[in-house]
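Student: I have a protein in front of me and a list of words I do not fully trust. Please show me how each word is earned.

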Amino acid sequence: MDNNGHYKCQALLLRVSAKLPGGRFIKIFSPQIGVISCFEQKGKAAGSDNAFTSLKPYFLPDYSYVDLDLFSHRGKYYLSDFSVIYRFSLLTRSLPTLAATSLILDLLTDLATDREQARKLWPYTLYALSAVDKLAENSVDLSVVRGIAATYILRSLAESGYRPNLDLPSATTAERTCFSFAAGSLQTYRQTEADSSLTSVQELSGNCTNLLRYICSCPVQRLYNIVISPELSAYLWHFAERWLAYNLEKEYSGQKSLDELQKDSAAFLDLAAQIALKRRGRDQGAADKFVLK
């Protein structure tokens with residue numbers, strides 16, 4: 001920011017949050033400022049009712065990575081201009097990717113409470129949206145989408161002071177372990193049985209524990225390159241949901257949508273299996289009749 005209150009920064013252009021006769025409010029996320037709403041006035045001499053100060057169209061390119069020019073006056077932000085660096089145009093192509101995007105950005109809004117947190121979460125948010133956008137280029141695998149969302153939940157919470165303790169004393173590493181959400185740490189079953197306060201536990205396999213450690217510590221450039229099985233992805237999602245609920249005591253609409261989509265997918269697969277079984281039965285019956293004849 002210069003002495004006149006002008007900002008030139010990179011930002012994520014999220015969405016138009018409100019439209020007024022004289023302009024529009026735009027929600028943005030910048031590592032320098034955080035998540036804010038800024039106002040863009042309609043251009044007085046633009047020659048069109050739908051033209052704005054930036055001379056950009058009325059329909060804003062949502063979910064875009066932009067160079068931003070704005071200024072601050074009396075605690076409010078006003079947009080002067082922006083240029084699109086990259087548009088995440090595929091985020092809204094399917095219900096799973098749209099739900100994951102909604103979850104990521106709603107959680108970001110709650111966690112980016114100051115500029116320091118905004119700077120921390122900036123790269124993780126960009127890489128998460130990029131991973132979802134890239135996934136949407138082809139047929140969308142719901143288990144992969146939930147894996148990306150779970151990874152963002154866990155890493156963004158870890159960067160915001162909610163890092164799970166996944167270390168065990170070397171003397172106990174040979175024992176069966178579980179994670180106590182009450183204690184926020186890895187425990188042995190012997191410890192949970194001896195201490196009644198260690199409630200709300202989830203068993204963790206060695207693979208799952210190693211995956212959680214990796215997610216909470218690896219470089220952001222490698223965070224979304226993990227390839228895991230659908231079963232491990234489901235386990236990771238369940239853990240992330242419980243860790244999120246325990247720490248923030250919230251459930252997001254995108255989170256609910258991903259859960260509902262998973263239920264619908266499971267019901268569809270079950271129905272498809274029943275139809276296939278009946279079809280095989282009919283085909284076998286027809287074959288038997290043919291042989292008998």
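Tutor: Start with the names: helices (H or I, at least four residues) and strands (E, at least two) are DSSP runs, numbered from the N terminus. This is a predicted model, in which local features need pLDDT of at least 70, side-chain atom pairs count only at pLDDT 80 or more, and totals for chains, interfaces and linings use all residues. Numbering starts from 1 along each chain as its sequence is written, and side-chain values use heavy atoms, with hydrogens and water left out.

Student: How many helices and strands are there in the chain?

Tutor: The chain has eight helices and eight strands.

Student: Where does Glu249 lie?

Tutor: Glu249 sits in the loop between α7 and α8, and α8 covers 253-292.

Student: What makes Glu249 count as buried or exposed?

Tutor: Buried means under 20% relative accessible area, exposed over 50%, and partly exposed in between (1.4 Å probe, protein chains only). Glu249 has 68% relative accessibility, so this residue counts as exposed.

Student: What is the phi of Glu249?

Tutor: The phi of Glu249 is positive, about 55°, although the residue is not a glycine. That is worth pointing out because most residues other than glycine have a negative phi.

Student: Where does Arg74 lie, and what is its phi?

Tutor: Arg74 is in the loop between β4 and β5. Its phi is near 55°, again a positive value in a residue other than glycine. This loop belongs to the hairpin of β4 and β5, with two residues between the strands.

Student: Why is Arg74 called buried or exposed?

Tutor: Its relative accessibility is 77%, so Arg74 counts as exposed.

Student: What about Arg146, buried or exposed?

Tutor: Arg146 lies in helix α3. With 8% relative accessibility, Arg146 falls on the other side of the cut-off and so counts as buried. In the chain, 44% of the 293 residues are buried.

Student: Which residues does Arg146 touch?

Tutor: Leaving out residues up to four places away in sequence, Arg146 touches Ser233, Ala234, Trp237, Leu258, Asp259 and Gln262. Here contact means heavy atoms within 4.5 Å. Over the chain, 58% of the contacts with a separation of 6 or more are between residues 24 or more positions apart.

Student: How do you know that β4 and β5 are joined, and by how many bridges?

Tutor: Two strands pair if DSSP finds at least two bridges between them. Strand β4 (residues 64-73) is joined to β5 by ten bridges, and the two run antiparallel. One bridge puts Asp69 opposite its partner Asp81 in β5.

Student: In what sense do β3 and β5 pair, parallel or antiparallel?

Tutor: Strand β3 (residues 34-41) and strand β5 (residues 76-87) pair in the parallel sense, over two bridges. The partner of Phe39 in β5 is Tyr78.

Student: What is the order of the open sheet of three strands?

Tutor: The order is β7-β6-β8, with antiparallel pairing. At the edges are β7 (185-188) and β8 (201-203), each of which pairs on one side only. Neighbouring strands in this sheet are turned by 35° against each other on average, direction ignored. Such angles run from 0 to 180 degrees between N-to-C directions, with axes fitted to C-alpha atoms, for helices over the stretch in contact.

Student: How many bridges join β6 to β7, and how many join β6 to β8?

Tutor: Strand β6 (residues 177-180) has four bridges to β7, and three bridges link β6 with β8. Cys178 shows both sides: its partner in β7 is Gln187, while its partner in β8 is Glu203. Between β6 and β7 the hairpin has four residues, and Gly184 in the turn has a positive phi of about 70°.

Student: What makes you say both faces of β6 are covered?

Tutor: Thr177 and Phe179 on one side are buried, as are Cys178 and Ser180 on the other.

Student: Which strands does α7 lie across, and at what angle to β8?

Tutor: Helix α7 (residues 230-248) lies across β6 and β8, running at about 165° to β8.
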